[in-house]
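User: I have a chain to go through with you. Please take me through the fold, the core and the confidence.

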Amino acid sequence: MKKKEKKIVAKDSCADPTCPKHGKLKVRGRIFKGYVIRKFPRRIVIEFERIVYIRKYERSEKRKTRIHARLPTCSGDKINVGDYVVVGECRPLSKLIHFVFLKKVKETEK
Ligand SMILES: [Zn+2]
């Protein structure tokens with residue numbers, strides 16, 4: 001038993017219960033990719049474009065979607081505004097947040 005406990009502590013863990021890796025938060029539903037446009041202590045806002053076809057004008061238009069996602073404390077330092085990230089749907093964590101940050105695809109190019 002003692003050996004097992006040591007192993008768990010040795011891994012880079014966080015006390016955040018709303019962390020999909022270290023906490024008990026389940027990710028289910030839809031997964032989106034987008035650019036981080038705002039960063040808060042425990043929350044990021046991502047934005048991505050989607051194309052909607054307008055039948056009346058036989059043309060497509062671009063629409064933007066914004067999603068608020070929980071940023072676990074273990075990955076807070078890795079993320080900056082402009083990064084391309086993946087978020088997954090989870091249970092509603094607050095009025096705004098029902099997605100959680102999963103991983104970073106691309107860093108901001110500057
Ligand atoms: Zn964590």
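Here are short questions and answers on this chain.

User: What kind of model is this, and which mean pLDDT does the protein chain have?

Analyst: This is a predicted model, where local features need pLDDT of at least 70, side-chain atom pairs count only at pLDDT 80 or more, and totals for chains, interfaces and linings use all residues. Residues are numbered from 1 along each chain as its sequence is written. pLDDT is the predictor's confidence in each residue, from 0 to 100. In the protein chain, 88% of the residues score at least 70, and the average is 88.

User: Which element of the protein chain has the lowest mean pLDDT?

Analyst: Helices (H or I, at least four residues) and strands (E, at least two) are DSSP runs, numbered from the N terminus. S3 has the highest mean, 97. Where pLDDT is low, predicted coordinates should not be read in detail. The lowest mean, 50, belongs to helix H1 (residues 2–10).

User: In what order do the strands close into a barrel?

Analyst: The chain has one helix and five strands. From the N terminus, its elements run α-β-β-β-β-β. Strands pair if DSSP finds at least two bridges between them. Pairing in the barrel is mixed, and the five strands close in the order S1-S2-S3-S5-S4.

User: In which sense do S2 and S3 pair, parallel or antiparallel?

Analyst: Strands of a sheet pair through backbone hydrogen bonds, either parallel or antiparallel. Arginine 43 stands opposite arginine 70 in S3. S2 and S3 share 12 bridges, and their sense is antiparallel.

User: Which strand gives the largest share of the largest nonpolar core?

Analyst: A nonpolar core is a set of buried Ala, Val, Leu, Ile, Met, Phe, Trp, Tyr and Cys residues joined through C-beta atoms within 7 Å. The largest one here has 12 residues, including Val36, Ile44, Ala69 and Phe101. Strands S2 (43–54), S4 (84–90) and S5 (99–106) each give two or more residues. The largest share, four residues, comes from S5.

User: Is glutamate 58 buried or exposed?

Analyst: Glutamate 58 lies in the loop between S2 and strand S3 (59–70). Its phi is positive, about 50 degrees, although it is not a glycine. A residue is buried with 20 or more other C-beta atoms within 10 Å of its own, exposed with 12 or fewer, and partly exposed in between; C-beta atoms are placed from the backbone. Glutamate 58 has 7 other C-beta atoms within 10 Å, so it is exposed.
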